[in-house]
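Work through the exercises below with the sequence and the model open. Each task is followed by a solution in steps.

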Amino acid sequence: MSETSTEKQEKANDPAARRGELDVCPVCGSSVHPQAYFCPQCSNYFCFICRSQVTPNDVLLQCVNRDCEYFGKMVCSQCDLSQTTEEKPFLYKEPTDGYWPAWLLICVLLSSYITWRTTFLAGGLAFLALYPGIGYLLHAAGLNIFGKERSVELPRSTTAYSCVRCAQPAKLITLSKKT
Ligand SMILES: [Zn+2]
Ligand SMILES: [Zn+2]
Ligand SMILES: [Zn+2]
């Protein structure tokens, strides 16, 4: 007597225990096979454990362990919570364009002005001093003249799905959308 009550208690605490009337469709109320997760009467799928109706937008899981009593059954993501583990972020360098076209234009304008005011040689020398010389100083000062590499950090995480009954890896499935 006391053993059956503890058994009942265990079943109530078991998150994998099936709930509700197993031979009645939760959507339309017609009788279905107790092992079913699909109703042929109303063509609706429902979760094997909590018997809530599922749609193509829901995350669904299916146990792939043949020895498990939930093998091949469809379980909703509320009954079978996935484990997401954070991994080390993926780092990579991304080149960024510098302001060199604008800087080149400024240098060309300035040296042509100097050429016009003085000599061609002075203008050429001024360009050489300006574009690589001052450009390098500006770049070193933190202004992105010649382009830089930017570190980009991509967060990574993996989501593991496992059967709520046997704890073996489970397959993610999707329902085909009704047309
Ligand atoms: Zn139904
Ligand atoms: Zn469920
Ligand atoms: Zn399983």
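**Exercise 1. Helix H3**

Locate the bend in H3 and state its angle, then test the length of the helix against its residue count.

Solution. The model is a predicted one. Step 1: the bend is at Leu130 and amounts to about 30°, with a proline, Pro132, following within four residues. Step 2: H3 covers residues 120-140, which is 21 residues, and at 1.5 Å a residue the expected span is 30 Å. The expected span takes 1.5 Å times one less than the number of residues. Step 3: the C-alpha atoms at the two ends are 29 Å apart, in agreement with the expected span. Step 4: after the helix comes Gly142, with a positive phi near 115°.

**Exercise 2. Ala122**

Is Ala122 buried or exposed, or partly exposed?

Solution. Step 1: Ala122 belongs to helix H3. Step 2: a residue is buried at 20 or more C-beta neighbours within 10 Å and exposed at 12 or fewer. Step 3: Ala122 has 13 such neighbours inside 10 Å, so it counts as partly exposed. Step 4: for its place relative to Pro132, the two are 10 residues apart in sequence, and their C-alpha atoms are 16 Å apart in space.

**Exercise 3. The strands**

Give the order of the open sheet that holds E1, and identify its edge strands.

Solution. Step 1: three strands make up this open sheet, ordered E1-E2-E3 with antiparallel pairing. Step 2: E1 (38-39) and E3 (53-54) each have a single partner strand, so one side of each lacks a neighbour in the sheet and they are the edges. Step 3: E2 (residues 44-46) is joined to E3 by 2 bridges, and Phe46 lies opposite Gln53 in E3.

Now describe the pairing of E6 with E7.

Solution. Step 1: E6 (residues 83-96) pairs with E7 in the antiparallel sense over 12 bridges. Step 2: Thr85 faces Thr158 of E7 across this pairing. Step 3: E7 (residues 148-160) is hardly covered, with 0 buried residues among its 13.

**Exercise 4. Core and domains**

Which residues of the largest nonpolar core touch the most other members?

Solution. Step 1: the core has 17 residues, and the ones sought are Cys47, Phe48, Leu60, Met74 and Val75. Step 2: strands E4 (60-63) and E5 (74-76) each contribute at least two residues to this core. Step 3: beyond four places in sequence, the contacts of Leu60 include Val54, Met74, Val75 and Ile173.

How far apart are the centres of domain 1 and domain 2?

Solution. Step 1: domain 1 comprises 2-82 + 161-173, and domain 2 comprises 89-153. Step 2: taken over C-alpha atoms, their centres are separated by 66 Å.

Key:
Residues are numbered from 1 along each chain as its sequence is written. Chains are lettered from A and ligands numbered from 1 in the order in which they are written. This is a predicted model: local features need pLDDT of at least 70, side-chain atom pairs count only at pLDDT 80 or more; totals for chains, interfaces and linings use all residues. The bend at a residue is the angle between axes fitted to the seven residues ending there and the seven starting there. Domain bounds come from an automatic or database domain assignment. A nonpolar core is a set of buried Ala, Val, Leu, Ile, Met, Phe, Trp, Tyr and Cys residues joined through C-beta atoms within 7 Å. Two residues are in contact if their C-beta atoms, placed from the backbone, lie within 7 Å. Two strands pair if DSSP finds at least two bridges between them.
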